[in-house]
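Colleague: Could you take me through the disulfides of this model, one cysteine at a time? I would also enjoy hearing about whatever else you find worth a look afterwards.

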Amino acid sequence: MAFRSCFSPLPLLGLLSYLLLHPITSTTGIRVSVIWRPSPELPIFREAPAFVNADTCGSRDMDKIHISMTLDANYLRGTMAAVLSMLQHSTCPENVVFHFLAARSEPEIYNSINLTFPYLNFKVYHFDSSRVRGKISKSIRQALDQPLNYARMYLADILPLDVRRVIYLDSDVIVVDDVSKLWEVDLGGKVVAAPEYCHANFTNYFTDAFWFDPSLAKTFKGRMPCYFNTGVMVLDVDEWKQEGFTQKVEEWMVVQKQKRIYHLGSLPPFLLAFAGNIKAVDHRWNQHGLGGDNFEGKCRNLHPGPISLLHWSGKGKPWLRLDSRKPCPVDHLWAPYDLYRTSRTWLEE
């Protein structure tokens with residue numbers, strides 16, 4: 001039998017709002033309360049399913065896979081999707097440990113991760129923005145000038161001593177393969193492993209002030225420098241420390257302040273320090289540029305070949321384009337990993 005309510009929905013909504021804001025304890029011992037009410041500025045996410053290890057997985061410290069990403073409210077939706085994709089495609093998801101770097105102490109973000117991934121093995125570390133303040137030069141896109149964009153330079157100083165290798169990933173990636181395959185890459189004595197793109201015009205990443213200065217132009221002497229994207233890297237943390245690469249990258253940032261030798265944020269100092277001296281990884285591990293260029297973010301097609309990781313580097317981000325109802329075809333590959341809970345799905349649940 002159908003039931004038709006004769007009450008106006010407005011008082012009911014008001015009652016629900018009151019219950020959310022004022023927990024009620026009854027005399028029968030039943031407690032109605034809200035454990036956590038998220039900040040209105042943060043998106044709300046659905047709880048991800050629990051993922052368990054296969055029988056073949058080990059349980060020792062040496063079996064752990066360490067992933068580092070930055071935490072920013074503007075990119076949190078991307079981070080959540082990236083984490084889900086890695087867990088979903090991993091043979092040993094319980095062995096994956098996440099190390100998040102945050103510029104500000106925001107308990108709401110920590111709680112959001114905890115509620116979305118109740119079983120996730122993760123830690124949040126504070127990144128002191130003052131370490132790069134005064135060193136950052138204005139680039140072609142404001143998002144590239146944020147201090148947190150430079151946090152990857154300081155991983156060796158921030159991570160615990162027992163983390164000797166780490167995969168660094170940007171927040172706008174989706175992993176569609178077992179991340180252990182990237183983790184197990186043979187560094188061959190190199191500090192950094194990443195896909196190289198030697199067909200790119202390397203000279204375009206630096207200004208004439210760099211190439212026409214004889215002392216600077218000889219930087220790559222004895223090397224065969226190729227472009228690599230710093231949004232997907234495997235790092236030997238111990239070797240990074242021993243060879244003092246944080247200081248080397250910082251020194252290039254000082255030169256940039258003095259002579260304006262490049263236009264892009266944190267990428268060029270990495271190229272200056274490492275290009276031509278990294279371990280090349282299969283291109284399948286960084287199908288980059290899906291966010292278009294740094295100015296308009298126009299749609300791009302996938303590159304030919306197998307794919308293990310999709311990367312929306314560039315101005316266009318899939319969650320923003322999907323919300324605007326103007327997605328690019330590749331954005332539909334990101335959508336299945338989106339845990340964002342809209343107001344409509346909230347009410348339906």
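Modeller: Let's begin with Cys57, which counts as buried because its relative accessibility is 16%. Bear in mind that this is a predicted model. The cut-off for buried is under 20% relative accessible area, so Cys92, with 18%, is buried as well. Cys57 and Cys92 form a disulfide, and their sulfur atoms lie 1.9 Å apart. This pair connects distant parts of the chain: Cys57 belongs to the loop between β2 (31-32) and β3, while Cys92 belongs to the loop between α2 (76-89) and β4 (96-102), with the two cysteines 35 residues apart. The torsion about their S-S bond is about -90°, so this disulfide is left-handed.

The structure holds 3 disulfides, so let's go on along the chain. Cys198 is joined to Cys226 by a disulfide, S to S 1.9 Å. Again the pair links distant parts of the chain: Cys198 lies in the loop between β9 (196-197) and α6 (208-211), and Cys226 in the loop between α7 (214-217) and β10 (227-228), 28 residues apart. Here the link is right-handed, with 100° about the S-S bond. How do the two ends stand, buried or exposed? Cys198 counts as exposed because its relative accessibility is 51%, whereas Cys226 is buried, with a relative accessible area of 8%.

Next comes the disulfide that joins Cys299 to Cys328, S to S 1.9 Å. With -85° about the S-S bond, this link is left-handed. It, too, connects distant parts of the chain, with Cys299 in the loop between β12 (279-280) and β13 (309-311), Cys328 in the loop between α11 (318-323) and α12 (331-334), and their positions 29 residues apart in the numbering. Cys299 is partly exposed, because its relative accessible area is 45%. Cys328, at 2% relative accessibility, counts as buried. If you number the bonded cysteines of the protein chain in sequence order, the pairing reads 1-2, 3-4, 5-6.

Now to the strands, starting again from β3, which came up as a neighbour of the Cys57 loop. Strand β3 (residues 65-71) runs parallel to β6, and 2 bridges join them. In that pairing, Ser68 stands opposite Tyr168 of β6. Strand β6 (residues 165-169) is mostly covered, with 4 of its 5 residues buried. It is also joined to strand β11 (residues 232-236) by 5 bridges, and these two run antiparallel. Arg165 has Asp236 as its bridge partner in β11.

Arg165 takes us on to the rings, since its charged end sits over the ring of Trp183, 6.0 Å from the ring centre. Another such contact involves Lys248, whose charged end sits over the ring of Phe245, 4.5 Å from its centre. As for rings paired with rings, a search of the whole structure finds 22 aromatic pairs. Ring pairs link a cluster made up of Tyr197, Phe202, Tyr205, Phe206, Phe210, Trp211, Phe220 and Tyr227. You may like to view this cluster together with the disulfide of Cys198 and Cys226, as Tyr197 and Tyr227 are among the cluster's members.

Methods
Residues numbered from 1 in each chain as written. Predicted model: local features only at pLDDT ≥ 70, side-chain atom pairs only at ≥ 80, totals over all residues. Heavy atoms only, no water. Phe/Tyr/Trp six-rings, centres within 6.5 Å; stacked < 30°, edge-to-face > 60°. Lys NZ or Arg CZ within 6 Å of the ring centre and 35° of its normal. Buried < 20%, exposed > 50% of the residue type's maximum accessible area, 1.4 Å probe, protein only. Pairing = 2+ DSSP bridges. Disulfide = S-S within 2.5 Å.
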